[in-house]
Amino acid sequence: MSFQGSLSLPSMSATCAFFFFSFTLFFTFFSFLLFITRIKPWCNCLLCKSYLTLSWARKFTNLCDWYTHLLRKSPSGTIHMHVLGNTITSNPDNVEYILKTNFQNYPKGKPFSAILGDLLGQGIFNVDGDSWRFQRKMASLELGSVAIRSYAMELVNEEIHSRLLPIAVSTARGEMNKEKVLDLQDILRRFSFDNICKISFGLDPGCLFPSLPVSDLADAFDLASKLSAERAMTSSPYVWRAKRLLGIGSEKRLKEAIKIVNDVADGMIKQRREMGFNSRNDLLSRFMGSVDDDAYLRDIVVSFLLAGRDTIASALTGFFSLLSKSPEVEARIREEVGPGPEPPTFEQIREMHYLNAAVHESMRLFPPIQFDSKFAKEDDVLPDGTFVRKGSRVTYHPYAMGRMENIWGPDCLQFRPERWLRDGVFVPPCPFKYPVFQAGVRVCLGKDLALTEMKSVVIALVRRFDIRVVEPDQEFRFAPGLTATLRGGLPVRVFDRVK
């Protein structure tokens with residue numbers, strides 16, 4: 001019997017391998033059929049053909065510019081991409097309806113949660129319902145507290161004066177390179193990553209040290225964000241789900257990147273549990289008083305890491321690219337902020353109306369998040385008459401909205417901060433015409449902190465330096481990702497105004 005058993009073991013292994021291979025092959029074929037069904041390759045409309053054949057790329061550098069063109073031509077400011085099952089709108093009435101009036105019918109939805117689920121888990125940006133309400137209430141209390149605001153300002157000013165400014169000085173002196181050139185996007189991303197890690201974890205990755213070291217955590221987080229975003233660009237989720245099941249290609253790399261992020265987060269949580277957290281002001285320590293589940297805690301904090309990592313860097317990159325070509329705006333900002341090395345207080349920054357207008361104006365043209373999607377729980381009709389089918393995707397497009405004449409006037413493509421001022425005082429925009437920080441129930445809780453950090457950087461750099469884009473007339477090319485990131489970065493020359 002033992003002899004027969006020894007013969008049957010290889011046979012059983014071979015049988016199992018055969019069935020596993022057959023199942024994998026069948027699943028892949030089935031997924032492909034679903035994919036074909038989903039994208040509807042027989043759709044003969046011009047939009048679908050252009051999307052599937054990439055013929056739009058002959059006239060437009062970026063997909064967001066093509067969408068802007070289509071939305072501008074649409075009488076309602078809304079289009080439907082059949083191949084994606086996606087209704088895209090730039091109509092402020094629709095935006096208000098989706099984000100406020102009928103908010104309950106337009107959650108993030110399971111399709112979106114699945115796309116970011118491996119990275120964000122049950123974090124605030126990836127959930128709906130009770131979990132979202134709990135995290136939002138907790139985050140609102142913390143982010144609105146004087147302690148957190150003071151702590152964040154202290155960290156930002158320290159990073160500016162001990163790391164950002166010395167790098168700018170070294171570049172201006174030709175110590176970094178003879179051409180006095182640096183990639184401002186890369187520097188700003190390093191700056192924002194240092195800050196958000198300190199604020200979120202109490203961890204300093206040192207990305208902006210003078211040697212500009214490689215950070216495994218930053219690289220892993222960037223890769224995880226990029227690959228997660230690429231999931232959303234596929235016409236069917238069955239494509240990336242099949243690759244994840246098989247552990248191949250981009251899904252294998254995504255899993256490896258997320259493991260690095262998780263290992264760091266888990267290590268910080270364990271360390272904080274052992275050392276105590278009551279006397280610390282980072283978000284991890286503050287949230288520990290309300291959350292006992294370490295996995296859930298990890299999801300919450302990593303979500304804030306995502307929110308603050310690239311959005312601020314993206315917004316500042318757009319700002320300095322515009323400022324480089326607008327010396328009159330630069331002069332007015334300098335006049336308002338005044339000279340001196342001392343960082344302004346939170347209250348002083350709030351009174352800088354022209355600076356506030358310039359920052360908002362730059363994000364109108366280059367929002368960090370170019371579009372945002374929800375999923376319809378039930379059949380619905382938008383205010384402009386567009387029918388939305390249950391389970392379909394609905395997207396509002398801040399990038400396109402910032403370029404609409406019917407919203408911003410015939411000079412909508414011009415960088416003109418004055419449009420935000422009345423008698424020299426900043427007038428807040430209608431959030432549904434300017435959903436850069438979302439709007440309605442899901443409006444960004446970190447808005448004030450983000451704006452203050454951006455303005456602090458602008459004040460410090462504009463006071464002392466002239467920053468000029470190396471190729472000012474070159475058209476922006478955006479890389480795929482959750483936030484707007486420029487392919488090839490933003491090379492600038494830095495000139496020190498202090499001789």
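**Surface patch, annotated site and two open sheets**

In this predicted model, L245, L246 and I248 together make up a nonpolar patch on the surface, and the accessible area that they share comes to about 250 Å². Of these residues, I248 can be placed with respect to the helices, since I248 sits in the loop that runs between α10 (237-246) and α11 (249-275). The relative accessible area of I248 is 41%, and I248 is therefore classed as partly exposed, because this class lies between the buried limit of under 20% and the exposed limit of over 50%.

A loop position also carries an annotation taken from a database record. In the unreviewed UniProt entry, the annotation "binding site" covers C444, and in the model C444 is found in the loop between β9 (425-426) and α20 (447-464). With a relative accessible area of 35%, C444 is likewise assigned to the partly exposed class.

Turning to the strands, one open sheet is formed by three strands, which follow the order β3-β13-β10 and pair in the antiparallel sense. The edges of this sheet are occupied by β3 (181-183) and β10 (465-469), each of which has a single partner strand, so that one side of each is left without a neighbour in the sheet. On average, and with direction ignored, neighbouring strands of this sheet are turned by 35° against each other. The pairing of β10 with β13 (residues 491-496) is antiparallel and extends over five bridges; within this pairing, D466 has F495 of β13 as its bridge partner.

A further open sheet consists of four strands in the order β1-β2-β7-β4, and here the pairing is mixed. Its edge strands are β1 (78-81) and β4 (372-375), each of which pairs on one side only. For neighbouring strands of this four-stranded sheet, the average turn against each other is 25°, again with direction ignored. The edge strand β4 is joined by four bridges to β7 (residues 393-396), and the two run antiparallel. At the level of single residues, S373 is matched with T395, which is its bridge partner in β7.

Taken together, the model shows a nonpolar surface patch that includes the loop residue I248, a loop residue, C444, that the UniProt record annotates as "binding site", and open sheets whose pairing is antiparallel in the order β3-β13-β10 and mixed in the order β1-β2-β7-β4.

Notes. Residues numbered from 1 in each chain as written. Predicted model: local features only at pLDDT ≥ 70, side-chain atom pairs only at ≥ 80, totals over all residues. Heavy atoms only, no water. Patch = residues over 30% accessible without salt bridge, like charges linked within 9 Å, V, L, I, M, F, W, Y side chains within 5 Å. Areas by Shrake-Rupley, 256 points an atom, 1.4 Å probe, with all protein chains shown as cover. Salt bridge = Lys/Arg side-chain N within 4 Å of Asp/Glu carboxyl O. Buried < 20%, exposed > 50% of the residue type's maximum accessible area, 1.4 Å probe, protein only. UniProt positions renumbered as here; feature names shortened; annotations may be inferred. Pairing = 2+ DSSP bridges. Axes fitted to C-alpha atoms, helices over the stretch in contact; angles between N-to-C directions.
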